[in-house]
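I opened this entry to look up helix packing, cores and backbone angles. I start with a term that the packing notes rely on.

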Amino acid sequence: MPAKIPATVVTGFLGAGKTTLIRHLLQTANGRRLALIINEFGDVGVDGDLLRSCGDATCREEDVVELANGCICCTVADDFIPTIEKLLARDEPPEHIVIETSGLALPKPLVKAFGWPEIRTRVTVDGVITVIDGAAVSEGRFVPDEEALAAQRAADEALDHDSPLEELFEDQLACADMVILNKTDLLDDESLSAVSTDLATQLRPGVKVVKARHGAIDAAVLLGLGAAAEDDLAARPSHHDAGEEHDHDDFESFHVDLGTVADPDALARKLKPVIEAHDILRLKGFAEVAGKPMRLVVQAVGGRIQHYYDRAWRTEEPRGTTLVVIGERGLDRDAITKALTA
């Protein structure tokens with residue numbers, strides 16, 4: 001029987017840096033034939049398009065598959081299993097499959113899917129990689145200590161609500177075979193040490209924390225863990241093991257189309273107060289900048305906004321500015337759209 005094809009699950013909260021991590025992985029894959037399954041949250045395929053445009057032979061158009069019909073852990077039978085089967089049916093199946101979940105996905109149900117009869121003899125979970133935003137954790141978000149969390153909420157009204165994001169964060173850590181502590185460039189030495197120490201108390205024995213800046217981790221580190229995660233599910237506890245439903249009604253997304261942008265920095269200044277006023281979790285998309293042949297990528301996590309040019313606009317693609325807005329349910333779409341288009 002041929003060896004099973006390894007699959008790496010890359011999970012993590014919105015804006016943690018999963019897509020950037022995968023781009024670095026592709027650039028250091030040394031010709032290994034990879035397939036990517038991207039579970040984009042929102043109605044514009046931002047992450048998939050970024051990976052397809054990475055300029056590397058390992059991310060050909062046909063090797064990037066987007067699942068945009070909802071959280072991957074809730075569409076296993078309808079989307080994920082058929083996608084895996086199609087990859088396996090190719091004349092040249094991939095040598096390794098990399099799966100980027102949305103920020104909403106629970107990793108354990110996805111790992112369970114590798115026990116389905118259709119794929120269990122041909123694919124194995126090489127490892128679950130959880131990417132976390134080190135700066136966000138340092139600021140006190142998703143802390144499992146309820147007393148500490150209560151103290152932080154008392155000091156900051158913006159945190160004064162019960163959020164399922166905390167359980168989601170804990171589930172992603174509990175299922176991890178490796179944790180990437182990303183954005184360490186935003187932390188001083190004391191904060192970095194504190195975050196690393198706290199993480200170590202929340203992880204299963206043997207799970208390593210790897211520090212990263214801008215998701216720059218070599219494929220040799222990420223691939224080849226040999227975890228066979230589908231065989232030790234009992235060691236990966238979840239808040240949802242008792243049969244609770246994974247409720248995604250707490251989140252919503254929509255996109256806003258804008259005209260040509262005159263100045264990227266001015267756009268960033270415009271986005272910041274809108275994000276703060278409406279408690280937007282994530283904002284991302286592409287922008288057309290006047291007089292520039294290159295496409296501008298816009299990424300915002302909380303109040304941190306990044307923008308950079310990734311490639312030239314293609315002749316056949318429509319130019320413009322489209323931003324995906326992601327937040328907890330109840331976003332004032334009209335007010336946000338009005339503010340962004342003003």
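A crossing is right-handed if the near helix is turned clockwise from the far one by less than a right angle, and left-handed if it is turned anticlockwise. I keep that convention for the helix pair below. I also note that the model is a predicted one.

Entry 1, overall content. I counted 11 helices and 12 strands in the protein. Of its 342 residues, 54% are buried. I then took the contacts between residues at least 6 apart in sequence, and 79% of them join residues at least 24 apart.

Entry 2, helix 10 and helix 11. I looked up how helix 10 (residues 264-277) sits against helix 11 (residues 333-341): their axes come within 10 Å and cross at roughly 160 degrees. That makes the two helices roughly antiparallel, since angles over 145 degrees count as such. The crossing of helix 10 past helix 11 is right-handed. Which residues make the contact between helix 10 and helix 11? From helix 10 I listed Lys 270, Leu 271 and Val 274, and from helix 11 I listed Ile 336, Ala 339, Leu 340 and Thr 341. Sorted by class, this contact holds 5 nonpolar, 1 polar and 1 charged residues.

Entry 3, the cores. The largest nonpolar core has 23 residues, and I found that Phe 80, Ile 84, Ile 97, Ile 99 and Phe 114 touch the most other members. The elements giving two or more residues to this core are strand 1 (5-12), strand 2 (34-38), helix 3 (76-88), strand 4 (96-100), helix 4 (107-113) and strand 5 (123-133). Helix 3 gives the most, with 5 residues. Apart from this core lies another, of 21 residues, including Leu 21, Leu 36, Val 210 and Ala 219.

Entry 4, Ile 97 and Leu 87. I listed the contacts of Ile 97, leaving out residues up to four places away in sequence. Ile 97 touches Ile 5, Pro 6, Ala 7, Thr 8, Ala 35, Ile 37, Ile 84 and Leu 87. Two of these partners, Leu 87 and Ala 35, I checked against each other: they are 52 residues apart in sequence, and their C-alpha atoms are 7.9 Å apart in space. Leu 87 is in helix 3. Is Leu 87 buried or exposed? Leu 87 has a relative accessible area of 3%, so it counts as buried, the cut-off being under 20%.

Entry 5, helix 1. I looked up burial along helix 1 (residues 18-27) and found 7 of its 10 residues buried, so this helix is largely enclosed by the rest of the structure. The buried residues in helix 1 are Lys 18, Thr 19, Leu 21, Ile 22, Arg 23, Leu 25 and Leu 26. Leu 21 also belongs to the core of 21 residues.

Entry 6, positive phi. Most residues other than glycine have a negative phi, and I noted two residues with a positive value. Asn 30 has a phi near 55 degrees. Asn 30 is in the loop between helix 1 and strand 2, and at 77% relative accessibility it counts as exposed. Asp 279 has a phi of about 50 degrees. Asp 279 lies in the loop between helix 10 and strand 9 (282-288), and at 44% relative accessibility it counts as partly exposed.

Conventions: Residues are numbered from 1 along each chain as its sequence is written. This is a predicted model: local features need pLDDT of at least 70, side-chain atom pairs count only at pLDDT 80 or more; totals for chains, interfaces and linings use all residues. Side-chain values use heavy atoms; hydrogens and water are left out. Axes are lines fitted to C-alpha atoms, for helices over the stretch in contact, and angles run from 0 to 180 degrees between N-to-C directions. Helices (H or I, at least four residues) and strands (E, at least two) are DSSP runs, numbered from the N terminus. Angles under 35 degrees count as roughly parallel, over 145 as roughly antiparallel, 65 to 115 as roughly perpendicular and the rest as oblique. Contact means heavy atoms within 4.5 Å. Ala, Val, Leu, Ile, Met, Phe, Trp, Tyr, Cys and Pro count as nonpolar, Asp, Glu, Lys and Arg as charged, and the others, Gly among them, as polar. A nonpolar core is a set of buried Ala, Val, Leu, Ile, Met, Phe, Trp, Tyr and Cys residues joined through side-chain atoms within 4.5 Å. Buried means under 20% relative accessible area, exposed over 50%, partly exposed in between (1.4 Å probe, protein chains only).
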